[in-house]
Amino acid sequence: MPFEICVKAAAGEPDLLGDCPFCQKALLTLEEKKIPYTYKLVNLSDKPQWFLQVCPEGKVPALKCDDDKFVLDSDVIVGLLEEKYPEPSLVTPPEFASVGSGIFSAFLKFLKSKDPNDGSEQALVAELKAFDEHLKAHGPFIAAEKVTAADLSLTPKLYHLDIALGHFKKWFVPEDLICVNDYMRMMFSRESFVKTKAAKEHVIAGWAPKVA
């Protein structure tokens, strides 16, 4: 029996995959482990009754387990899948677990910033530079030669960063951060990523209310 996972539907396009980086992280884990699954799209601005009945918290991603209970939170879902399907292992070595973990919050601050002198751009560049240095020393992936959960968590966030900052601020990852740019190209073209990503216009539509 394939797993069933509830994920965000695109805003205004309820039949298309939406722009949630945490849903994509869960989908990437299923794809990379070659675990059979089906997904149900949930319109988060008008949550259907069937979804609220099975998942009263109304949050996605939500993974349906063997006992028909739903597991919430992408980290919990990833941990559960790793436990049930240990091969191929996606466990990130502890010393690499926090690599790049400050990038998403720095991106959010810069994206929402209305003051060019508040230091939010510099803070993001500093996070990306640190990531670039890490890749230079340990790449091509976060934990060297193989993809791990850390990559599957960070890549959807970098995808959102790339699209949202490019659209709303005409800002892109500096070209001199060669390792970061190479990493993004490599991960964005990976089969599992192409299959589970939201369309660019849906990422833009998802962020638009937050930068208004």
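User: Which element gives the largest share of the lining of the largest pocket?

Analyst: Keep in mind that this is a predicted model, where local features need pLDDT of at least 70 and side-chain atom pairs count only at pLDDT 80 or more, while totals for chains, interfaces and linings use all residues. Residues are numbered from 1 along each chain as its sequence is written, and side-chain values use heavy atoms, with hydrogens and water left out. A pocket here is an open set of points on a 1 Å grid over the protein atoms alone where a 1.4 Å probe fits, with protein on both sides within 12 Å along at least five of seven lines, and lining residues have an atom within 4 Å of a point. Five lining residues of the largest pocket, its largest share, come from one helix (a DSSP run of H or I, at least four residues, numbered from the N terminus), and that helix is α6.

User: How many salt bridges does a search of the whole structure find?

Analyst: To count, a side-chain nitrogen of Lys or Arg has to sit within 4 Å of a carboxyl oxygen of Asp or Glu. Go through the whole structure that way and the salt bridges come to nine.

User: How many residues apart in sequence are the parts that E82 and K33 tie together?

Analyst: The side chains of E82 and K33 meet in a salt bridge, 3.2 Å from N to O. Both residues are buried (under 20% relative accessible area, with a 1.4 Å probe and protein chains only; over 50% is exposed, and partly exposed is in between). E82 belongs to helix α3, but K33 sits in the loop between α1 (21-32) and β3 (37-42) (a strand being a DSSP run of E, at least two residues). So the parts this pair ties together are apart in sequence by 49 residues.

User: D132 pairs with K136, but which third residue joins their network of salt bridges?

Analyst: D132 and K136 are four residues apart in helix α5 (residues 120-138), about one helical turn, and their salt bridge is 3.8 Å from N to O. D132 is buried at 3% relative accessibility, whereas K136 is exposed at 54%. The network links these two with E133.

User: What separates the closest N and O atoms of D182 and R185?

Analyst: Both residues lie in helix α7 (residues 178-188), three residues apart, which is about one turn of the helix. D182 is partly exposed, with a relative accessible area of 39%, and R185 is exposed at 54%. In their salt bridge, the closest N and O atoms are apart by 2.7 Å.
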